Amino acid sequence: MELLEKIKQNAKQQNKRIVLPEGTEERTLKAANIAIGEKLAEIILIGSPETIKELAQKWELENINKALIIDPINHSKKAQYVDLMVELRKAKGLTKSNASKLIEDPLYLSTLMIKSGDADGEVAGARNATGDVLRPAFQFVKTLPGISVVSGAFIMIMKDKSFGNEGIMVFADCAVHPNPTDRELAEIAIATGKTTRAIVGIEPRIAMLSFSTKGSASHEMVDKVVSATKIAREMDPSLKIDGELQADAAIIESIGLSKAPGSEIAGKANVLVFPDLQSGNIAYKLVQRLAGAEAIGPILQGMAAPINDLSRGCSVSDIVNLIAITVNQAAGINK
Ligand code: ACO
């Protein structure tokens, strides 16, 4: 079965509640209609109930009447969420008056619903920029215990099935954190291992990439990757991880054997962790364009609950797929 089909089949077993804060956005509403029809999740739409009902009628989206619709201006939990916002951000100076304004913004309301246990995950970004989707999530949902940094992974489906697990690999961070420290890079590796288990369903073999393999070059940029590998091993001794490795040593068996003999990862990696966002973002786009790989993501990882950011150029099916992925993350986030 294709990976995306597996992800959807698994989502159907989970009964998770996914909130879509851009409830009046056309592609989002059409995707919600499909997700409800395919029983991928219980869908919560944020937006004016009258507008959502009118739009659903106009576009003949008959499943929308099964969604829970939350009016961001008038709903029964508004005061409760405002109190929680003030409690969580009082050290940052958030006043009740400011919180009362912010809670009417669907991107804030959705994160407060998640924080309060009223939703399991969120998909947004068809209408809003990355920073606007992520900031409320960083502030109120925060990161998983032991993780301080959120990052973005891509599932890369290669044409050449000899790489990774039958052509499936995971790359990170390709989307969020520009210049991680060694500890943050270790956290990104741990989080990517969790994503690989939870979403792809395979055991991660993680290569920490650099321009050096096992001391072939010396530079402070290499030192960061060596240190991150050591920290990641200490954080999770069960993790199969090695570094620093060059990309060819990580994925080509003969080169792995000659440059990093004895490594259980070299030549066999299915997860590539890049030293910074420049290399990660460039690499995934080059592999996608030059090697014709399918890139699924970014899947945001390290957050205490799954919140995923769409590209503003996304299609209806991209949103449906991301809803299914978010359900899978919600089911496996603490494993
Ligand atoms: N993980 C966890 N928390 C974070 C992270 C992170 N990666 N980054 C910022 N935060 C937290 C901060 O600690 C701060 O928390 P606090 O208010 O409790 O102190 C809060 O978020 C706001 O921090 P800022 O520094 O103000 O973050 P800002 O909102 O300016 O930026 C952003 C965050 C938007 C993610 C920024 O790092 C960014 O622009 N990253 C690059 C995104 C990008 O352009 N990606 C490439 C394109 S995507 C693609 O091609 C698929």
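What is the volume of the largest pocket? About 590 Å³. Before going further, note that this is a predicted model, and I will treat it as such.

Start with the domains, since the pocket involves both. The domain assignment splits the chain into domain 1, residues 3-142 + 304-332, and domain 2, residues 151-296. Their centres, taken over C-alpha atoms, are 31 Å apart. The contact between them takes 9 residues from domain 1 and 9 residues from domain 2.

Now the pocket itself. Its lining consists of 29 residues. Nearest the centre of the pocket lie Phe154, Gly297, Pro298, Asp309 and Ser311. By type, the lining divides into 16 nonpolar, 8 polar and 5 charged residues. Each of the two domains gives at least three residues to this lining.

Which elements supply at least two residues each? They are helix 7 (130-141), helix 12 (277-290), strand 10 and helix 13 (316-332). Strand 10 has the largest share, with 6 residues of the lining.

That brings us to the sheet. Strand 10 belongs to an open sheet of 6 strands, in the order 8-7-9-6-5-10, with mixed pairing. Strand 8 (240-245) and strand 10 (294-301) are the edge strands; each has a single partner strand, so one side of each is left without a neighbour in the sheet. From one strand to the next, the twist averages 20°.

Further inside that order, strand 6, residues 168-172, runs parallel to strand 9, residues 271-273, and they pair over 3 bridges. One pair to look at on the screen: Ala172 has Val273 as its bridge partner in strand 9.

Last, some backbone geometry. Most residues other than glycine have a negative phi, and most peptide bonds are trans. Where does this model depart from that? The bond from Gly297 to Pro298 is cis, with omega near 0°. Pro298 sits in strand 10, and both Gly297 and Pro298 are among the residues nearest the pocket centre. A second cis bond runs from Gly243 to Glu244, with omega near -5°. Glu244 is in strand 8. The two edge strands, 8 and 10, therefore come up again here, with Glu244 in strand 8 and Pro298 in strand 10.

Glu60 is the phi case: its value is near 55°, positive in a residue other than glycine. Glu60 is in the loop between helix 3 (49-58) and strand 3 (68-70).

Note on methods. Residues numbered from 1 in each chain as written. Predicted model: local features only at pLDDT ≥ 70, side-chain atom pairs only at ≥ 80, totals over all residues. Heavy atoms only, no water. Pairing = 2+ DSSP bridges. Helix = DSSP H or I, 4+ residues; strand = E, 2+ residues; numbered from the N terminus. Axes fitted to C-alpha atoms, helices over the stretch in contact; angles between N-to-C directions. 1 Å grid on protein atoms, 1.4 Å probe; cavity = no way out; pocket = protein on both sides within 12 Å on 5 of 7 lines; lining within 4 Å. Points joined across faces, edges and corners; volume = space filled by probe spheres on them. Nonpolar A, V, L, I, M, F, W, Y, C, P; charged D, E, K, R; others polar. Domains from an automatic or database assignment. Contact = heavy atoms within 4.5 Å.
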